[in-house]
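Here are a few notes to read alongside the structure, for anyone opening it cold. Have the viewer ready and follow the points in order.

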Amino acid sequence: MHSKLREALGLATQPVAVFKAPQPPEGISPKPCGCIIPLLAAAAHGQSAALTADSVGCPGGKFGLGFVPQAPEGLANFLTTGGHGRPGLGYKAAPALMEPYLQGLPPTDPPACLVFRPLDQLQPEERPLAVVFLVNPHQLSALATLASYDRASLENVKLLFGAGCTQAIRYALCAQEAREDTCYVGLTDPSARLHLDKDLLSFSLPYRRFLALEEQVTDSFLTKGTWKTLLRQL
C-alpha cells in the first residue's frame, strides 16, 4: 500500500501496519523475543513479524499487547520500588500508583497472533487495526498537526503513560476496535528507548483515522512552504 503520508513526511522507513490474525501469515514464523520494540523497528525497515503469546518473552509485553488479560504478579513492584530482593525500575514512586495503569488499560480480545507488516507489503486481505510511524521531531510535529487539521477539538492526540508496547500499539489498536479516532505519541518508556535511535518516537493511529489523514495530505500544510522548509532539514 502506497502511503501519501510517508512520502510527504520524507520517511526513510515504512509505516507499520498492525493487525490480529488467527495464525501467522505464510512465510512468517514467530521467533522468541524479549522486548518487542526491536521487531517493530525491524518492520519499519521492511521485515514483517508475527507475535504469539508463546513467542513474547517479556511478561509485561504479553500483558501490554493483550495476549494475557491480567498483569503478572509482581509487575507493579518491578516497575516501581522493587521487592523480594530485586530492585525496581522507579517509573512511579510506589506500587499503588502503578495499579490504575495496570487495571485501566483499554480492553481488547487476546489475539492468537499479532502481526507487524510494513505498509508497502500489506496484502489485500489484511485489514490493519493500527498504523505506527517511527518519526523524528519534525515528522512528529507534522503528524500531530495533521491529526487536528479537520477537527475543531483540541484533544486529537494523546501521550499516555505506559510501557513502550502499550504506547505504540495497544492504545491505537483499541481505539480502532472502539471506533475512536484518537492518535497516540509513544515510545517515551525509557526501557523501550534502549532499543531505538535517540531521535525516534512513535506516532500511532487507528486505521480508520490513518485512512482519513491520507486523504488530507494534498490540501494541508504538508504541500506548503513551511513544511517544505522543514523537509529540507531532514
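The points below go from the sheet to its central strands, then to the helix on the sheet and the nonpolar cores.

1. First, a reminder: this is a predicted model. Keep that in mind as you read the rest.

2. Start with the sheet. Seven strands make it up, and it is open, with mixed pairing. Reading across, the order is β2-β5-β1-β6-β9-β8-β7. At the edges you'll find β2 (49-51) and β7 (157-158); each has a single partner strand, so one side of each has no neighbour in the sheet.

3. Now walk through the pairings around β1. This strand covers residues 16-21 and runs antiparallel to β6 (residues 130-135), with three bridges joining them. To find your place there, look for Ala17, which sits opposite Val131 in β6. β1 also pairs with β5 in the antiparallel sense, over six bridges, and here Val16 faces Pro118 in β5.

4. β5 has another partner too: β2 is joined to it by three bridges, again antiparallel. Ala49 stands opposite Phe116 of β5.

5. It's worth pausing on β5 itself. Six of its six residues are buried, so the strand is largely enclosed by the rest of the structure. In a regular strand, side chains alternate between the two faces of the sheet. In β5, Cys113, Val115 and Arg117 point one way, while Leu114, Phe116 and Pro118 point the other way. Note that Arg117 is among the buried ones.

6. Which strands does helix α7 touch? α7 (residues 164-177) packs on the sheet, in contact with β1, β5, β6, β8 (183-186) and β9 (201-206). Its direction makes about 10° with that of β9.

7. On to the largest nonpolar core, which has 40 residues. The members touching the most other members are Val16, Val18, Ile36, Leu65, Leu114, Phe116 and Ile169. Elements giving two or more residues to this core include β1, β2, β5 and β6 from the sheet, along with helices α2 (37-44) and α5 (95-104). The biggest giver is α7, with eight residues.

8. Val18 makes a handy viewpoint inside that core. Leaving aside residues up to four places away in sequence, it touches Leu114, Val115 and Phe116, and also Pro128, Leu129, Ala130 and Val132. Ile169 and Leu173 complete its list of contacts.

9. Finally, don't miss the other core. It lies apart from the largest one and has 31 residues, among them Leu5, Leu11, Cys113 and Val185.

Key
Residues numbered from 1 in each chain as written. Predicted model: local features only at pLDDT ≥ 70, side-chain atom pairs only at ≥ 80, totals over all residues. Heavy atoms only, no water. Pairing = 2+ DSSP bridges. Helix = DSSP H or I, 4+ residues; strand = E, 2+ residues; numbered from the N terminus. Contact = heavy atoms within 4.5 Å. Axes fitted to C-alpha atoms, helices over the stretch in contact; angles between N-to-C directions. Core = buried A, V, L, I, M, F, W, Y, C linked by side-chain atoms within 4.5 Å. Buried < 20%, exposed > 50% of the residue type's maximum accessible area, 1.4 Å probe, protein only.
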